[in-house]
Every structure is written in structure tokens, then in C-alpha cells.
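Subject: Structure handover

Hi,

Here is the structure I promised to pass on. Have a look at it first, and then read on for what turned up.

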Amino acid sequence: MFGSNMDSVLDASMVPATVLVPSRFVWKHGGNSVYLFGSFTQWSQLIPMLPVEGCDNVFQTVYGLTPGYHQFKFYVDGQWRYDESLPYESSEYGMVNTVISATDYMDVDNEAFRRMARVTDGPQTEMVPSISDADLQGSRQRVSSFLSTHTVYELLPESGKVFAFDVDLPVKQAFHILHEQGIPMAPLCDFGKGQFVGVLSALDFILILRELGSHASNLTEEELETHTISAWKEGKAYLNRQNDFHGRAFPRRLIHAGPYDNLKDVALKILQNEVATVPIIHSSSEDGSFPQLLHLASLSGILKCICRYFRHCASSLPILQLPICAIPLGTWAPQIGETNRRPLAMLRPSASLSSALSLLVQAQVSSIPIVDDNDSLVDIYCRSDITALAKDRAYTHINLDEMTIHQALRLGQDLYSPYELRSQRCQMCLRSDSLHKVMERLANPGVRRLVIVEAGSKRVEGIVALSDIFKFLLG
């Protein structure tokens, strides 16, 4: 947002051919420093750039500009470069980027969140960082065509390991394994039937802990020691009233795919069934017996294929250059932009763990930004964090209403330094970041969402998840 007494973010995806900016703005780039030339006043200055916390390979600097015309370029890894996505021209310094600093400030309509105003000597005019409907539909068609003509086989790694649980394994042991291996879920196999029958996820552990904490619970801590996965799944189905006409538990159909299914069908399966991963199962028998678990497909792996394919022909997808604030993407704070109709859930570190678990279930979200009194990002609590309570049977001697989120997060921090933990957990982006940059970051292993923050203050403005990207691309 541009406005008086506020720093502005100068981003490649938000500037027109000639840019007018406030006299104070932020340079954001993958370089180490920026060299600013004042072509009218004949001065130059090397300005160091500092890394942005939580944003790998992104540096920024804030500098007050005098009104007038300025040129700049970036010094990256010992080489001078300019940003081709920003306005540029040839000069005595070689190719340089250009910027005009205005004497007045520009305003952005927060509600629409798509308009940029350019201050001129005459009436104020608007610039809209958008593309035509034809370009939007064309971009979506190219993505859809790519996914339809590529198969899951391309997701399979050359080597690796996947975990599957026997349905007769005690629930307690299963969650201990999830925690030890650092995985959020695992497929379930009924070896008696020779079939994969479901999955066990962190959400199951959340529901079990809430059941244990309920005064009306029929499940005791002692029973949990021997309670099998199959018994829990039957009980869960009964509680959800998923029963047949004879009163028996009616299990939910396992959502899976084969190695030769196309990527679009798998992505739609994940979205439509609201699951995080889909087991890739193959059987060489016609009757499907003796199935083999090959891989766990996720939107992250599919997105990585998209980014790799279009990386060198990004011009064929005009939507990639749009800032994420200019498209219907993600969940935003009400005062920032439009939401995807889900509430932007946030909690303080002092909130109880029970309130976090209830919010994860009721709001149907996979993570909650943890913020301070100024709504600045401190940490994030995810569904998978609940498995930390399996360590040393911590769940047996805690009270969900008395344990705070801060205390719960510390349980899972033993193996990481504070810096490693922040860089891995709190993945952030800015609302001025392009869709292409956000997609590249979400394609990294283990990253399922980015918290959108205000530059400098890290005030939470929204959140964008993998599912948001695919809903937009396949919409």
C-alpha cells in the first residue's frame, strides 16, 4: 500500500513502463546491493541490501529519494545486473533500471486491491496490474494442457522410501513413528485382505486427543496403549455416522491414483477430496491383488513439474507476472483484500493448545499463524506439530486447556536451532511478490503454505496455500 508516512515496496510485478514512487521506498531483489545513480544531480551511491527473514535469496533496502529521475542497477555475486522485468534503458553505465520519485504520494484502493494510482501534474489516473480475460484463460488452458499430457510417473523419484502402517498397529506406536520420521501421514494396509484401505494423519491424532479430553469419551489413556488403528478408524466412522443400514461402520473410500494417471486428474482428486496427498499404488495383477505403494503424490510435486516446464518460457503464461495481491488467490485479512471465504485464523502464543486444535478442525485449515500483539508473525502452528506430543508420551501428562501454543511448539524444537526452526517453519512472502515467485517457493519440498506479511513489520496480511494455487490455475 502506498501512502503518506509509509514505506513502499518496489516490485517487478507491480510497476508500469514508467514508475512514479514516493520519495521513500524499498528495493527488493535477489542481489547483495543496489547502485543508485542520480542522473540529474550527477551523483552515485552503493547501497547495501539486507536479507529478508524467511525469504530465501531475497534482499531489500530502504532509501529516501529526492524528487526526480533516477537510475539504478544491482550488484549480485560480483557482477553488475539489471532487472529485465523493471523499466530499463541504456546509459553511460550500461543497461540500468529507471525510477521517477514523485513529490506527492500515491494511494492504493485497499478494498479493490488491484489499482495503482500515478501522481502527475494533472488529474490523477489509475494503472491496473491485470491481464485480459483472454490471456487469463489462455494461461489456464496451457497449464491444463500440460498437466493432462504428463503422468504421475514423472513424479516418482529414482530412489526413496515410503511408509505404510498395518491396520493392527497400536495407534500410540503409529503416531510415535510419524513424529520420529517427520512425516504428517502414512497409508494403511490390511495385510489380511492384501489391500491399502486408508491413511492415518496428524488430524487423526488431533481428534484422538480431543476425544481423550472429552468428559464423555469412551476412550481412556490406558486403552490408547493397545487401541489399534483399525479400531480407531471404526470408532471414528461411527462418530461421524458413516454407517450402513446394518449399523456397521462404512469406511471412507481410499483416494489413490496409479503411476500412469495424468497430473491434472491427480490434482483434482486432491482438491475435490480435500486431502494433502494421494498414495500412488500399482498392481501387476488384473484383480488388483498384491498392490505396491510407489509414492505419495502431493500438489507440491505437481507444482514443481509446472515450474520446471514453464521456467524458460514464462512469457507464455502472462498470469505468472501478476502480483498475488492482484488476483483472487489465498486468504486475506478483511482490511487487506478479498478472502477465499475461509476466515484468516490467527492466535497469540499464550492461547491454549485446545483452542488451536479446535480452530484447526472447525475452520478446516492446516495451519495457524501465531502473532504478537501487533499481529506480527512469531511462528506458525500446523496440524503435523501435534505429533510432537507422542514423544515420551507427553500427551499422557498434559492438559490441552492449560498448555499454551508456545509451550507446545517448544516440544518439537529440540532438534533445531532457533534460526533453522524459523527459516523452515515460517515461510513468508510479500503481497507484491509475483505469482511465479510464490509458485517457485511453494514447489520446494515441505512447503505447503506461505504467510503473506508486510515488509519490515512482518504484520500478517494473509496466507496462500498450495491448494489456492491450483484452484486458481484450474479454475
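Let's begin with a quick one: does Lys233 count as buried, partly exposed or exposed? Lys233 counts as partly exposed, since its relative accessibility is 25%. Before going further, please keep in mind that this is a predicted model.

**Salt bridges**

Lys233 is a good way into the charged pairs. Its side chain meets that of Asp204 in a salt bridge, with 3.1 Å from N to O. Lys233 sits in helix H5 (residues 229-239) and Asp204 in helix H3 (residues 202-213), so this pair ties together parts that are 29 residues apart in sequence. The acidic partner, Asp204, is buried, at a relative accessible area of 1%. In total the structure holds eight salt bridges.

Arg348 is worth a click too, as two aspartates come up with it. With Asp373 the salt bridge is 3.5 Å, N to O. That pair links distant parts of the chain, 25 residues apart: Asp373 is in the loop between strand S20 (367-371) and strand S21 (377-382), while Arg348 is in the loop between strand S19 (331-332) and helix H8 (353-362). Arg348 also forms a salt bridge with Asp375, where the closest N and O atoms are 3.3 Å apart. Asp375 is in the loop between S20 and S21 and Arg348 in the loop between S19 and H8, so here the parts tied together are 27 residues apart in sequence.

As for how covered these residues are, Arg348 counts as partly exposed at 31% relative accessibility, and Asp375 counts as partly exposed at 25%. Asp373 is exposed, with a relative accessible area of 67%.

Further along the chain, a network of salt bridges links Arg431, Glu454, Arg459 and Glu461.

**Strands and sheets**

Now to the strands. S17 (residues 277-282) is mostly covered, with five of its six residues buried. S17 and strand S18 (residues 292-298) run antiparallel and are joined by six bridges. If you want one position to check the register, Val278 has Ala297 in S18 as its bridge partner.

There is also an open sheet of four strands, in the order S19-S24-S23-S22, with mixed pairing. S19 and strand S22 (428-429) stand at the edges with a single partner strand each, so one side of each has no neighbour in the sheet. Within this sheet, strand S23 (residues 449-453) and strand S24 (residues 460-465) pair in the antiparallel sense over five bridges, and Val451 stands opposite Ile463 in S24. Helix H11 (residues 435-442) lies across S22, S23 and S24, and runs at about 135° to S23.

**Nonpolar cores**

Which residues of the largest nonpolar core touch the most other members? They are Leu303, Ile306, Leu435, Met439, Ile469 and Phe470, out of 49 residues in that core. At least two residues of this core come from each of helix H1 (133-148), helix H6 (263-273), S17, helix H7 (299-310), H11, S23 and helix H12 (466-473). H7 gives the most, with seven residues.

Phe470 is a handy residue to centre on. Leaving out residues up to four places away in sequence, Phe470 touches Ala267, Leu271, Leu299, Ile302, Leu303, Ile306 and Gly475. A second, separate core has 39 residues, including Val167, Ile368, Leu389 and Ala390.

**Aromatic pairs**

Finally, the rings. The count comes to five aromatic pairs. Phe175 and Phe205 are one of them, and they are stacked, at 4.2 Å centre to centre with 15° between the planes. This pair links distant parts of the chain, 30 residues apart, with Phe175 in helix H2 (residues 171-181) and Phe205 in helix H3. Both Phe175 and Phe205 are buried.

Tyr309 and Phe310 make an edge-to-face pair, with centres 4.8 Å apart and 85° between the planes. Tyr309 is partly exposed at 44% relative accessibility, whereas Phe310 is buried, with a relative accessible area of 4%. Together with Phe146, Tyr309 and Phe310 form one aromatic cluster.

That's what I have for you. Shout if you'd like to go through any of it together.

Cheers

Note on methods: Residues numbered from 1 in each chain as written. Predicted model: local features only at pLDDT ≥ 70, side-chain atom pairs only at ≥ 80, totals over all residues. Heavy atoms only, no water. Salt bridge = Lys/Arg side-chain N within 4 Å of Asp/Glu carboxyl O. Buried < 20%, exposed > 50% of the residue type's maximum accessible area, 1.4 Å probe, protein only. Pairing = 2+ DSSP bridges. Contact = heavy atoms within 4.5 Å. Axes fitted to C-alpha atoms, helices over the stretch in contact; angles between N-to-C directions. Core = buried A, V, L, I, M, F, W, Y, C linked by side-chain atoms within 4.5 Å. Phe/Tyr/Trp six-rings, centres within 6.5 Å; stacked < 30°, edge-to-face > 60°.
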